[in-house]
Amino acid sequence: MTASVEAMPGVSAAFAASVRARWITEAREGALLVVGASPRERKEAVEWLVQAILCEEAPVARPCGSCWSCRHLDSGQHPDLHALPADQPRIGIDEIRDLIGALMLTPHRMGRKIGWIPQTERMTEGAANAFLKTLEEPPGPTVFILESSRPGSLKATIRSRCERLRIQSLKAGRDVDTASPEESAGDARRSLIGDYARLLDGEIGPLDLEKHRATTSLSEMAHDWSLWLAGAAKSALGWPVPPDLPEPLKHRLGRLSLSVLLPLYTLARETEYLARTSANDRLAREALLVSLFQGCGHDDRERKTD
Ligand SMILES: [Zn+2]
């Protein structure tokens, strides 16, 4: 584990400062849920956090990279870091019990202990219930770090007990002013489709899509979804997947059954029609996005905003 000493990767300076204030300077206990960007980028952010929390330098200088804790983290053996393996298909109740058992022990150093659960969505129902109890009654000074590409699939009761930390992809941090108009349009489209994918995952809610209003009109949005949902319905019937179905949406829509896809398709077509008449733009947009979100099994009332 080699974390950058200066800055937390993937978060803005202001956000890093607030994370530092609460989780490093104030030495808070509790649970963090790291979401967004790629698995590798989330892992880097978690490694930085772990090192900053366990580092034994003054809070403002953490992680220092040279103290006893930093050196032991670098060699992969810090006694107060308890991490579940990342390479197993699921996290069962036994793994969670072992983790809790390890965290019950007094910290080896003077600070807090860390329980790191990579790809938390792998938890079985039993494991999630056992973990929830631990979150309600933490085993001494502990910080749990959860990480997930599909936070919408975690129990709402677990999500609501975590502070959400959204990581930005560093690759997306390009200078838009220097891009050509075509490139900017392509980027806006990619960002829109990326956000649609996150909506289907339950990672963001329908209202988070508001920022794309300038990029895509109601009529374009409804037309896109009519095409994509028709394509997904056809492929559910055994036809080849249409080439115009964007890659990030392909497998997400592929998981839905016809009984979910068809009403969504009908709604998208109706919205396309409405867009040509005197529809309330905002309402019609929201109605379609909420249906897509709920069609993928997410409940907006359960969602905790960032
Ligand atoms: Zn250190």
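**Exercise 1. How many of the five residues of β3 are buried?**

Before we start, note that this is a predicted model, where local features need pLDDT of at least 70, side-chain atom pairs count only at pLDDT 80 or more, and totals for chains, interfaces and linings use all residues. Residues are numbered from 1 along each chain as its sequence is written.

Step 1: get the terms straight. Helices (H or I, at least four residues) and strands (E, at least two) are DSSP runs, numbered from the N terminus. A residue is buried if 20 or more other C-beta atoms lie within 10 Å of its own, exposed if 12 or fewer, and partly exposed in between, with C-beta atoms placed from the backbone.

Step 2: go along the strand. Five of the five residues in β3 are buried, so the strand is mostly covered.

Step 3: check each face. Lys113, Gly115 and Ile117 sit on one side and are buried; Ile114 and Trp116, on the other side, are buried too.

For background, 34% of the 306 residues in the protein chain are buried.

**Exercise 2. Work out what surrounds Trp116 in β3.**

Step 1: place the residue. Trp116 belongs to strand β3, which covers residues 113-117.

Step 2: count neighbours. Trp116 is buried because 21 other C-beta atoms lie within 10 Å.

Step 3: list its contacts (two residues are in contact if their C-beta atoms, placed from the backbone, lie within 7 Å). Skipping neighbours within four places in sequence, Trp116 touches Val46, Val50, Leu81, Ala83, Leu84 and Ile145.

Step 4: look at two of those partners. Ala83 is 33 residues away along the chain, yet its C-alpha atom is 4.5 Å from that of Trp116. Ile145 of β4 stands opposite Trp116.

**Exercise 3. Find the order of the strands in the sheet, and say which ones stand at the edges.**

Step 1: begin with the inventory. The protein chain has 11 helices and five strands.

Step 2: pair the strands (two strands pair if DSSP finds at least two bridges between them). Strands of a sheet pair through backbone hydrogen bonds, either parallel or antiparallel. Here β2 (residues 81-83) and β3 are parallel, with three bridges, and Leu81 has Ile114 of β3 as its bridge partner. On the way from β2 to β3 the chain passes through helix α4 (residues 93-104), in a right-handed β-α-β crossover. Right-handed means that, with the strands pointing away from the viewer, the path from the first strand over the helix to the second runs clockwise.

Step 3: carry on to the next strand. β3 and β4 (residues 142-147) run parallel and share five bridges. Helix α5 (residues 125-136) lies on the chain's path from β3 to β4, and this β-α-β crossover is right-handed.

Step 4: add the remaining pair. β1 (residues 30-35) and β5 run parallel over four bridges, and Val34 stands opposite Leu165 in β5.

Step 5: read off the order. The open sheet runs β2-β3-β4-β1-β5, with parallel pairing. β2 and β5 (163-166) are at the edges because each has a single partner strand, so one side of each has no neighbour in the sheet.

**Exercise 4. How do α4 and α5 pack, and which residues make the contact?**

Step 1: take the geometry. The two helices α4 and α5 pack at an angle of about 20°, and their axes are 8 Å apart. Axes are lines fitted to C-alpha atoms, for helices over the stretch in contact, and angles run from 0 to 180 degrees between N-to-C directions.

Step 2: classify the angle. α4 and α5 are therefore roughly parallel, given that angles under 35 degrees count as roughly parallel, over 145 as roughly antiparallel, 65 to 115 as roughly perpendicular and the rest as oblique.

Step 3: name the residues. α4 brings Ile93, Glu95, Ile96, Arg97 and Ile100, while α5 brings Gly126, Ala127, Ala130, Phe131 and Thr134.

**Exercise 5. Where do Ala37 and Gln119 lie, and are they buried or exposed?**

Step 1: check Ala37. Its phi is positive, about 50°, although Ala37 is not a glycine. Ala37 lies in the loop between β1 and α2, and is buried because 22 other C-beta atoms are within 10 Å.

Step 2: check Gln119. Phi is near 45° for Gln119, again positive in a residue other than glycine. Gln119 is in the loop between β3 and α5, and counts as buried with 20 C-beta neighbours inside 10 Å.
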